[in-house]
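Colleague: I'm new to this one. Could you take me in for a close look at how one pair of helices packs?

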Amino acid sequence: MTVTTPLHDALRARFGDCFSTAAAVRDHHGKDDSHHPTVPPDAVVFAQSTDDVAFTVRACARHRTPVIPVGAGTSIEGHVQALRGGISIDMSGMNRVLAVRPDDLDATVEAGVTRLQLDRELRGTGLFFPVDPGADATLGGMAATGASGTTTVRYGTMRDNVVSLTAVLASGEVVRTGGRARKSSAGYDLTHLLVGSEGTLAVITKLTVRLHPVPEAMAAAVCAFPGLGEAVQSVVEGVQLGVPVARAELLDATAVKAVNLHSGFDYDEVPTVFFEFHGTEAEVRAHGATIEEICRGLGGTAFRYARRQEERTRLWKARHDVYPAILALRPGSHGLTTDVCVPVSRLAECISATRDDMMTASIPWGIVGHIGDGNFHAVFLIDPDSPAELAEAEAVNERIVRRALAMEGTCTGEHGIGMGKIGFLHEEFGDAGVGAMRAVKAALDPEGIMNPGKVVEDRGSSP
């Protein structure tokens, strides 16, 4: 039976068919790509504009009802689950590329524009947007979670590539966090406060992002190693030498096996690094030769190059598909994916210790990583009907995170906190640091309606 409330009546009157309380729609919006269970909202609004978002947030504020923004649902730390009920705002209909400005190397898009959609829009301009998390996530969701990905080692994260935002605050007011100037010292940095805030401070509706010139030349290369330590060390030494690698992606033996089966490659099933180099023809050759020399010194094989665009596209699609490829090794399994980042000088040590720890696990696992910037993931393949397997994977994940923190790293390099890593914030920032975050949250969202239960605890709760 459909539950009717004054809030639902107001939203239904405004949005008509773009408002839904259907169980299937609610369930779809209460689950991301994580292992966390589905927690559906009470209803879903399909927004088409900033005005739609502002109306919805104002209505929810009047009724003290939670608001949960949802993009493509590709996050994996429980960002979209409606832990306190409320209204999910589906941003996928806000999918217009509003402006591309080649002279200024920037573009303005609505929050529901996806990474691949923007890529298509930029074809023929000689420009590209570099942040590549693999999934075809929305730009708004990528900003909200502070996403990064395979090209971060050279081009930076979303924090480095968002110029300014338009967002709706908990009051329903619309705020613009800046203009398009290349720099500003005006006031508090609201842009970078909202990037990574995961919908807990405001709903991002538009963003202006930096674009980069397409390099004159690009080449990808694949190198196999006798062990995981040597594979990691090859990238560490390259980074320490200052070689501007564009991508450096690690796959352990399990991940390589999965890619072979899933994408039809024939790589040796040993630890392998996928590299990419950008620049002039001469720079690409020189950088590739330098890294290949380092790899040979560590027992790596001769590079297998992919120079033509179609070859590189296929290679990187295989890398982006490694997560579903690993899951396919155990049909019906769910993935629990860790995400830590450490100083590059500690990376080999951290991954080696993680591998030794994971070898004691009774469930299948694999390791992949954006190792050029110290970020890696361990993936556990869990039987969804086995609480024991989930508990075991969570225990190993906890040890991985604490190991990274002990090495002056972070509990999340790119996936965000969501509801999955709230407790680790205290260990990373201390009670005073989390207290400062909670004070910001209370100032901007005094009623606690913005995606509650994520990033910081609800008021009055303990760590």
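Modeller: Sure! Helix 14 and helix 15 cross in a right-handed way (the near helix is turned clockwise from the far one by less than a right angle). A quick note first: this is a predicted model, where local features need pLDDT of at least 70 and side-chain atom pairs count only at pLDDT 80 or more, while totals for chains, interfaces and linings use all residues. Residues are numbered from 1 along each chain as its sequence is written, and side-chain values use heavy atoms, leaving out hydrogens and water.

Helix 14 covers residues 347–358 and helix 15 residues 387–406; helices are DSSP runs of H or I with at least four residues, strands runs of E with at least two, numbered from the N terminus. Their axes come within 11 Å and cross at roughly 160°, which makes helix 14 roughly antiparallel to helix 15 (over 145 degrees). Axes here are lines fitted to C-alpha atoms over the stretch in contact, with angles from 0 to 180 degrees between N-to-C directions.

Who touches whom? Helix 14 brings C350, A353, T354, D357 and M358, and helix 15 answers with V396, R399, I400 and R403 (contact means heavy atoms within 4.5 Å). That mix is five nonpolar, one polar and three charged residues; Asp, Glu, Lys and Arg count as charged, Ala, Val, Leu, Ile, Met, Phe, Trp, Tyr, Cys and Pro as nonpolar, and the others, Gly among them, as polar.

Elsewhere, five strands form an open antiparallel sheet, ordered 5-6-10-8-9 (strands pair if DSSP finds at least two bridges between them).

Conventions. Parallel < 35°, antiparallel > 145°, perpendicular 65-115°, else oblique.
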